[in-house]
2 protein chains.
Amino acid sequence: MGKKEIVRMTHQRKIILEELRSVTSHPTADDIYAMVKRRLPKISLGTIYRNLETLSVLGLVQKLEVGGTQKRFDGDISNHYHIRCTHCGTVEDIFTEPIASIEDLFKKVDKYKVTGYRLELFGVCPQCEQ
Amino acid sequence: MGKKEIVRMTHQRKIILEELRSVTSHPTADDIYAMVKRRLPKISLGTIYRNLETLSVLGLVQKLEVGGTQKRFDGDISNHYHIRCTHCGTVEDIFTEPIASIEDLFKKVDKYKVTGYRLELFGVCPQCEQ
DNA sequence: ATGGGTGCAAATCTTTTGCATCGAG
DNA sequence: CTCGATGCAAAAGATTTGCACCCAT
């Protein structure tokens, strides 16, 4: 993933991207491995990780560093917020306009060159709520 | 960490808490291990992890599930925001009043029982900025 | 004296990486 | 053809856990 290599659109890479774009959930690398394996039974987990990294560097997918032990990935590259169920780990999108007062915070930390932010709500999802 | 056990304030636990409260940084378990080891050379990393979990369940410390590969801990249990340097991993506090429009979001996700949220800015710190 | 806590080491889980081979451009 | 990508397996990094002994209550 260095500077000026040519990125090849391999069969594996294309299918990983397709699968990730086909869901609105926010799967872990392992989830994606299972999804892709249905179509490419011989694919290895290492290839999944390498491609998710490549695709997120290219900006074609989002690597979500939400809480929990595993990273999650999102085929929707728009900037949006998430809510995570602290019971089952599910991550869902929150559909709303960006909150301007958060961007105002950028000024308060002017020692830093701010490049972005993450807002994540925690809660208990309807399924776990019984 | 079950339901009704009596929690003992052991020497190790007390010193871990003291050390964590003595800094404003947001150390990883490993950092805390090094700090505590200066006072208790025989302490084990397992004890550090077990106590940080216990203390955070008790609400005496905060487990910060910020991005990056390691979890970080905060002896300041007030709700505040953080900024993380994407280059060196340092996490600093942002001193500001809570942003009301974030709490307004809670209503938009009324299917969930919202219990809290996290706001984390990313950027490059002054030290890394050269 | 009890049963939660500790130190130690092994185990687990997630992610990364070395290497021989493959295949996209 | 070339060199980036893959599959496989081993390695690495972070955290958890089993167990015998210890000590706070």
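**Close-up views of a predicted protein–DNA model**

**View 1. Cys85(A) and the cysteine sulfurs.** Cys85(A) is buried, with a relative accessible area of 0%. (Buried is under 20% relative accessible area, exposed over 50% and partly exposed in between, with a 1.4 Å probe and protein chains only.) This is a predicted model: local features need pLDDT of at least 70 and side-chain atom pairs pLDDT 80 or more, while totals for chains, interfaces and linings use all residues. Residues are numbered from 1 along each chain as its sequence is written, chains are lettered from A and ligands numbered from 1 in the order in which they are written, and side-chain values use heavy atoms, leaving out hydrogens and water. Across all chains, a search of the whole structure finds 0 disulfides (cysteine sulfur pairs within 2.5 Å). Cys85(A) is in no disulfide; its nearest cysteine sulfur belongs to Cys88(A), 3.7 Å away. In chain B, the sulfur of Cys128(B) is 3.7 Å from the closest cysteine sulfur, in Cys125(B), and this is too far for a bond.

**View 2. DNA strand D and its protein surroundings.** Around DNA strand D there are 21 residues (near means a heavy atom within 4 Å). Arg8(A), Thr10(A), Gln12(A), Thr47(A) and Tyr49(B) come nearest. Of the strand D atoms within 4 Å of the protein, sugar and phosphate make up 64%. A polar side-chain atom of Arg8(A) lies 2.8 Å from a base oxygen of strand D. Gln12(A) places a side-chain N or O atom 2.9 Å from a sugar or linking oxygen. Lys42(A) uses its backbone: an N or O atom there lies 3.4 Å from a phosphate oxygen. Helices H1 (11–21) and H3 (45–57) of chain A and helix H3 (45–57) of chain B each supply at least two residues of this surface. The largest share, 4 residues, comes from H3(B). By class, the surface has 5 nonpolar, 8 polar and 8 charged residues.

**View 3. DNA strand C and its protein surroundings.** DNA strand C is surrounded by 21 residues. The closest are Arg8(A), Tyr49(A), Arg8(B), Thr10(B) and Thr47(B). Sugar or phosphate holds 62% of the strand C atoms within 4 Å of the protein, and bases hold the rest. Three residues place a polar side-chain atom by a phosphate oxygen: Gln70(A) at 3.3 Å, Arg13(B) at 3.0 Å and Thr47(B) at 2.6 Å. H3 of chain A and H1 and H3 of chain B each give two or more residues to this surface. The largest share, 4 residues, comes from H3(A). The residues here divide into 5 nonpolar, 8 polar and 8 charged.

**View 4. The buried residues of helix H2 in chain B.** H2(B) spans residues 29–37. Ala29(B), Ile32(B), Tyr33(B), Met35(B) and Val36(B) are buried there. They cover an arc of only 165° around the axis, so they sit on the same side of H2(B). (The arc is that of the directions from the helix axis to the C-beta atoms.) An α-helix has 3.6 residues a turn, so residues three or four places apart point the same way. In chain B, these buried residues pack against helix H1 (11–21), H3 and strand S2 (72–74).

**View 5. Ser56(A) in helix H3 of chain A.** Ser56(A) lies in helix H3 of chain A. With a relative accessible area of 19%, Ser56(A) is buried. Leaving aside neighbours within four places in sequence, Ser56(A) is in contact (heavy atoms within 4.5 Å) with Val61(A) and Lys63(A).

How values were computed: Polar contact = N/O pair within 3.5 Å; in protein donor to acceptor, adjacent residues only side chain to side chain. Nonpolar A, V, L, I, M, F, W, Y, C, P; charged D, E, K, R; others polar.
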